[in-house]
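User: I would like to go through the ligand site and the cysteines of this model. Please keep the answers short.

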Amino acid sequence: MNKFQKNAVPGVQLLNAYQPGKPVEELERELGITNVIKLASNENPLGPSLIAVEAAQSVMANVNYYPDGAGYKLSLALAEKQGVDQSCITLGNGSNDILELVGRAFLAPCNSAVYSEYSFAVYPLVVQAAGAEARVAKAYESDHPVMPYGHDLNAIYEQITATTRVVFIANPNNPTGTWFEKDELNHFLSRVDDDVLVVLDEAYFEYMPEDLKPDTQKLLQQYKNLLITRTFSKIYGLAGLRIGYSISHPDIADILNRVRQPFNTNMPAQAAALAAINDQDHVSKSASLNAAGLQQYANAFSDLGLSYIPSIANFIAVNVKKDAMPVYDSLLREGVIVRPVASYNMPEFLRITVGNEQQNSRVLKSLQKVL
Ligand SMILES: *Cc1c(COP(=O)(O)O)cnc(C)c1O
């Protein structure tokens with residue numbers, strides 16, 4: 001241990017940094033090729049809404065000024081869209097920022113947080129950085145008939161103890177793409193103590209089939225300990241601008257606001273997000289393209305005799321039935337970047353972001369070749 005590692009606070013000493021997907025330019029540099037495709041970070045293959053891009057550009061001449069720290073216009077528009085009061089909205093530098101704020105405000109070495117196996121990598125990071133105890137619930141088994149690797153909300157409930165301050169659940173979850181039913185969620189929320197904060201991560205909400213979407217407004221009315229996080233990074237295609245938000249009881253929003261940076265969301269991001277929520281056409285097109293892509297993968301995997309985890313997100317996890325790392329490496333040499341998920345304890349899986357039809361075909365052809 002070097003002296004800076006020793007001096008880091010206990011939770012940070014043994015922390016492993018989040019591993020992002022490999023950038024296209026890096027691989028092109030390494031291989032000396034140019035037609036690399038990246039389906040590794042769940043980005044929207046249609047790109048951002050053009051209206052959102054224009055909105056971001058239109059404020060660029062004013063970036064000598066600080067942004068509106070409260071994000072008044074955007075949070076008002078989000079509140080109206082959700083049918084909640086503006087005081088329920090907290091903006092974040094990506095929804096990742098909101099997860100960090102939760103850790104900062106509610107987690108400490110004396111308490112604990114609960115999340116499931118195979119859930120989003122940021123939860124363990126946030127919990128560990130705070131020095132809190134991570135209580136990891138068993139997920140459904142790999143041979144579960146309906147939701148293999150999915151969140152088992154009963155098992156998650158069982159992990160809650162007197163020290164637990166936060167529970168993280170994702171619907172659908174990343175990297176599995178799995179989901180839970182509305183009544184399962186209701187049953188779970190009705191049992192959790194009302195002083196335990198439940199973070200419901202809905203980064204892929206807009207991709208969900210309508211009948212699986214919980215009623216946001218009703219849930220928030222009913223459960224004052226619920227914090228729902230959403231993002232503009234996924235279906236809205238604004239990952240590079242870093243903007244997300246949460247919806248919760250104003251008492252929770254008030255606490256998060258105390259620990260956020262005064263100007264945590266930037267001016268072009270606020271402008272783009274505001275425009276993006278009004279570009280329903282872009283959202284619908286993105287959702288349909290994704291649904292078709294998920295079907296394309298499901299069909300192809302069945303043809304190839306590969307099992308996969310049913311997904312309602314914009315990615316799908318496929319089981320390559322052997323160590324997925326060499327398969328990932330071979331795909332890189334084909335100019336295709338996907339995501340190995342060994343760090344999630346799923347060493348035989350690759351997580352593939354749904355691209356456009358040609359991109360999906362290219363991944364599938366390359367996958368067939370390297371297998
Ligand atoms: C992508 C993702 C996020 C956060 O993305 P931001 O870009 O920080 O908004 C949060 N949760 C899950 C499950 C995700 O997959």
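**Ligand site and cysteines**

User: How far is a polar side-chain atom of K234 from an oxygen atom of the ligand?
Analyst: This is a predicted model. The K234 side chain offers a polar atom to a ligand oxygen. The pair is within the 3.5 Å cut-off for a polar contact. The distance is 3.1 Å.

User: How much of the ligand does the protein bury?
Analyst: Take the ligand alone as the reference: it exposes 380 Å². Of that area, the protein buries 93%.

User: Which residue has a polar side-chain atom 2.6 Å from a nitrogen atom of the ligand?
Analyst: Two other contacts involve ligand oxygen atoms: a polar backbone atom of N96 at 3.0 Å, and the side chain of K234. The contact to a ligand nitrogen comes from the side chain of D201.

User: Which pocket holds the ligand?
Analyst: The residues around the ligand include F120, N174, Y204 and R242. By class, this shell has three nonpolar, six polar and three charged residues. The ligand sits in the second largest pocket.

User: Is C88 buried or exposed?
Analyst: Its relative accessibility is 11%. Buried means under 20%. Therefore C88 counts as buried.

User: Is C110 buried or exposed?
Analyst: C110 has 65% relative accessibility. The cut-off for exposed is over 50%. So C110 counts as exposed.

User: How many disulfides are there?
Analyst: A disulfide needs two cysteine sulfur atoms within 2.5 Å. By this rule the number of disulfides is zero.

Definitions and conventions: Residues are numbered from 1 along each chain as its sequence is written. This is a predicted model: local features need pLDDT of at least 70, side-chain atom pairs count only at pLDDT 80 or more; totals for chains, interfaces and linings use all residues. Side-chain values use heavy atoms; hydrogens and water are left out. A residue is near a molecule or strand if one of its heavy atoms lies within 4 Å of it. A polar contact is a pair of N or O atoms within 3.5 Å; within protein, one must be able to donate a hydrogen and the other to accept it, and residues adjacent in sequence count only if both atoms are side-chain atoms. Accessible areas come from the Shrake-Rupley method with a 1.4 Å probe; for residues, only the protein chains shown count as cover. On a 1 Å grid over the protein atoms alone, a cavity is a set of points where a 1.4 Å probe fits but cannot get out, and a pocket is an open set with protein on both sides within 12 Å along at least five of seven lines; lining residues have an atom within 4 Å of a point. A molecule sits in a cavity or pocket if more than half of its atoms lie within 2 Å of its grid points. Ala, Val, Leu, Ile, Met, Phe, Trp, Tyr, Cys and Pro count as nonpolar, Asp, Glu, Lys and Arg as charged, and the others, Gly among them, as polar. Buried means under 20% relative accessible area, exposed over 50%, partly exposed in between (1.4 Å probe, protein chains only).
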